[in-house]
Amino acid sequence: MMIIAVAGALASALTAGVFFAFSVFVMRALASMPPAQGILAMQRINITVIHPLFLGVFLGAAPLLTVAAYRAWNSPLSYAWLLSAFLVYLLGSVFVTLAFNVPRNNRLAKLEADSPQAAEYWLVYLREWLLWNHVRCVASAVAAVLAIVAV
């Protein structure tokens with residue numbers, strides 16, 4: 001149980017780190033660029049993030065935490081911490097990503113970076129996408145802490 005819980009905590013923490021970087025400086029840098037350049041850069045990021053290593057860590061955290069919780073069934077306290085870590089990660093990171101960040105990414109992807117529509121949407125995108133990114137950053141970090149406490 002301990003190795004799987006540590007792996008789940010690590011995957012959650014790595015994901016939190018990625019989201020933290022976007023919240024603290026990546027999106028700020030993109031927002032400081034002319035809209036067409038920032039949009040084009042974000043469109044490229046949204047393509048390159050579909051990478052087996054990132055997806056393995058991001059999507060792998062929830063199953064790792066689930067298996068760790070299952071294996072901790074005989075230890076009620078560890079089970080509760082790991083189940084909490086799983087739920088926080090699943091809802092706050094995976095669900096938020098799929099429900100809020102991905103739809104915004106998809107809408108941005110359909111726009112020509114130098115179009116007036118893209119420039120208009122860019123301001124909305126930055127505000128809304130970043131808000132939900134903060135949520136998933138905090139959720140991923142909290143899940144990591146919960147899993148560490150369980151260990």
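Which helix does valine 94 lie in? Valine 94 lies in helix H4, and that residue is a friendly place to begin a walk through this predicted model.

**The overall fold**

Let us step back to the whole chain. The protein has 5 helices and 0 strands, and reading along the sequence gives the pattern α-α-α-α-α. The helices are H1 (2–31), H2 (35–48), H3 (52–71), H4 (76–109) and H5 (116–150). Taken along the principal axes, the C-alpha atoms fill a box of roughly 60 × 25 × 20 Å. Of the 151 residues, 40% count as buried.

**Residues of H4 and H5**

Back to valine 94. With 11% relative accessibility, valine 94 counts as buried, because buried means under 20% relative accessible area. Its C-alpha atom is separated by 9.6 Å from that of alanine 139, a residue 45 positions away along the chain.

Helix H5 offers several residues to look at. Tryptophan 129 lies in this helix and is buried, with a relative accessible area of 3%. Tryptophan 132 also belongs to helix H5, but at 23% relative accessibility this residue counts as partly exposed. What sets the two labels apart is the cut-off: buried means under 20%, and partly exposed covers the range from there up to the exposed class, which is over 50%. Alanine 150 has its place in helix H5 too, and it is buried, with a relative accessible area of 7%.

Each of these residues can be paired with one from elsewhere in the chain. The table gives the separations in sequence and in space, C-alpha to C-alpha.

| Pair | Apart in sequence | C-alpha to C-alpha |
|---|---|---|
| Valine 94 and alanine 139 | 45 residues | 9.6 Å |
| Tryptophan 129 and asparagine 101 | 28 residues | 5.7 Å |
| Tryptophan 132 and serine 93 | 39 residues | 9.3 Å |
| Alanine 150 and proline 63 | 87 residues | 16 Å |

**The salt bridge**

How many salt bridges does a search of the whole structure find? The search finds 1. Glutamate 128 forms a salt bridge with arginine 104, and the closest N and O atoms are 3.0 Å apart. Glutamate 128 lies in helix H5 and arginine 104 in helix H4, so the pair ties together parts that are 24 residues apart in sequence. As general background, side chains of opposite charge can pair when their charged atoms come close. Are the two partners buried or partly exposed? Glutamate 128 is partly exposed, with a relative accessible area of 26%, whereas arginine 104 is buried, with a relative accessible area of 17%.

**The largest pocket**

Now for the empty space. Rolling a probe the size of a water molecule over the atoms shows where empty space is left. About 410 Å³ of space lies in the largest pocket. The lining is made up of 22 residues, and those nearest the centre of the pocket are Val49, Ile50, Thr97, Val102 and Asn105.

Which helices supply at least two residues each to this lining? Helices H1, H2, H3, H4 and H5 each do so. The largest share comes from H4, with 7 residues. Sorted by class, the lining has 15 nonpolar, 6 polar and 1 charged residues.

**A nonpolar patch on the surface**

Turning to the surface, which residues make a nonpolar patch? Leu77, Trp81, Val145 and Val149 make one of about 370 Å². Helices H4 and H5 each supply at least two residues of the nonpolar patch. One of the patch residues, valine 145, is found in helix H5.

**Drawing it together**

Helices H4 and H5 keep coming up in this account. The salt bridge has glutamate 128 in helix H5 and arginine 104 in helix H4, and the nonpolar patch takes at least two residues from each of H4 and H5. Both helices also supply at least two residues of the lining of the largest pocket, where H4 gives the largest share.

Methods. Residues numbered from 1 in each chain as written. Predicted model: local features only at pLDDT ≥ 70, side-chain atom pairs only at ≥ 80, totals over all residues. Heavy atoms only, no water. 1 Å grid on protein atoms, 1.4 Å probe; cavity = no way out; pocket = protein on both sides within 12 Å on 5 of 7 lines; lining within 4 Å. Points joined across faces, edges and corners; volume = space filled by probe spheres on them. Helix = DSSP H or I, 4+ residues; strand = E, 2+ residues; numbered from the N terminus. Nonpolar A, V, L, I, M, F, W, Y, C, P; charged D, E, K, R; others polar. Patch = residues over 30% accessible without salt bridge, like charges linked within 9 Å, V, L, I, M, F, W, Y side chains within 5 Å. Areas by Shrake-Rupley, 256 points an atom, 1.4 Å probe, with all protein chains shown as cover. Salt bridge = Lys/Arg side-chain N within 4 Å of Asp/Glu carboxyl O. Buried < 20%, exposed > 50% of the residue type's maximum accessible area, 1.4 Å probe, protein only.
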